[in-house]
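Me: I should like to take a close look at one part of the structure shown below. Please set that part in the context of the rest of the chain, in terms suited to a first-year student.

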Amino acid sequence: MDELTDFVKEHKAYIAILTLPKDQAEKAAEQIVNLGIHAIWNFAHLDLNLPKDVVVDNVHLSDSLMQLSYNIVENRRRQV
């Protein structure tokens, strides 16, 4: 995080991927937004509460895992 400001400026980043524990996610997201990034792919286990002009895709891995497991079972049923 100490190098984030320089990295964003140097690479002209406009999307951030957030993969932090939920107790650190909100603060990091606010810092990211303050650097001018307004799109966040959020893998933290927390729905972010950010300004309306910030696009956030909250990814819940447990939901995705349940969907994947369901699809495996359904696929096996169709093959039988």
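Which residues form a nonpolar patch on the surface, and about how much accessible area do they have together?

Reply: Please bear in mind that the model is predicted. The nonpolar patch on the surface is formed by Leu65, Leu68 and Ile72, and together these side chains offer about 280 Å² of accessible area. One member of the patch, Leu65, belongs to helix H3, which covers residues 61–79. Leu65 has a relative accessible area of 54%, and it counts as exposed because the cut-off for that word is over 50%.

Helix H3 also holds a pair of charged residues. Arg77 and Glu74 join their side chains in a salt bridge, with 2.7 Å from N to O. The count of salt bridges comes to one. These two residues stand three places apart in helix H3, so about one helical turn separates them. The partners differ in their surroundings: Arg77 is exposed at a relative accessible area of 57%, whereas Glu74 is buried at 18%. Glu74 receives that description because buried means under 20%.

From helix H3 we may turn to the sheet. Three strands make up an open sheet, arranged in the order E1-E2-E3 with parallel pairing. Its edges are strand E1 (16–18) and strand E3 (55–58), each of which pairs on one side only. From one strand to the next, the twist averages 20°. As a general matter, the strands of a sheet pair through backbone hydrogen bonds, and the pairing may be parallel or antiparallel.

The pairing of E1 with strand E2, which spans residues 39–42, runs in the parallel sense over three bridges. An example of a bridge partner is Trp41 in E2, which is matched with Ile17. Helix H2 (residues 22–34) packs on this sheet and touches both E1 and E2. The direction of helix H2 makes about 175° with that of E1.

Strand E2 also supplies a contrast to the exposed Leu65. Ile40 lies in this strand, and it counts as buried because its relative accessibility is 3%, where buried means under 20%. Leaving out residues up to four places away in sequence, Ile40 touches a long list of others, among them Ala16, Leu18, Ala29, Ile32 and Val33. The list further includes Leu48, Leu50, Val54, Val55, Val56 and Asp57. Between Ile40 and Val80, which are 40 residues apart along the chain, the C-alpha atoms are separated by 42 Å.

There remains the loop that leads into the sheet, between helix H1 (4–11) and E1, where Tyr14 is found. Tyr14 is exposed, with a relative accessible area of 61%. Setting aside neighbours within four places in sequence, Tyr14 is in contact with Ile37, His38 and Ala39. This residue can be related to the patch with which we began: Tyr14 and Leu65 are 51 residues apart in sequence, and their C-alpha atoms are 28 Å apart in space.

Ala13 sits in the loop between H1 and E1 as well. Ala13 is partly exposed, with a relative accessible area of 23%. Not counting residues up to four places away in sequence, Ala13 touches Val8 and Ile37. Ala13 and Asn42 are 29 residues apart in sequence, and the distance from C-alpha to C-alpha is 16 Å.

Lys12 is another residue of the loop between H1 and E1. At a relative accessibility of 67%, Lys12 counts as exposed. Its backbone also deserves attention. Most residues other than glycine have a negative phi. Lys12, although not a glycine, has a positive phi of about 50°.

To return to the request, the patch itself consists of Leu65, Leu68 and Ile72, and Leu65 is an exposed member of it.

Notes:
Residues numbered from 1 in each chain as written. Predicted model: local features only at pLDDT ≥ 70, side-chain atom pairs only at ≥ 80, totals over all residues. Heavy atoms only, no water. Patch = residues over 30% accessible without salt bridge, like charges linked within 9 Å, V, L, I, M, F, W, Y side chains within 5 Å. Areas by Shrake-Rupley, 256 points an atom, 1.4 Å probe, with all protein chains shown as cover. Salt bridge = Lys/Arg side-chain N within 4 Å of Asp/Glu carboxyl O. Helix = DSSP H or I, 4+ residues; strand = E, 2+ residues; numbered from the N terminus. Buried < 20%, exposed > 50% of the residue type's maximum accessible area, 1.4 Å probe, protein only. Pairing = 2+ DSSP bridges. Axes fitted to C-alpha atoms, helices over the stretch in contact; angles between N-to-C directions. Contact = heavy atoms within 4.5 Å.
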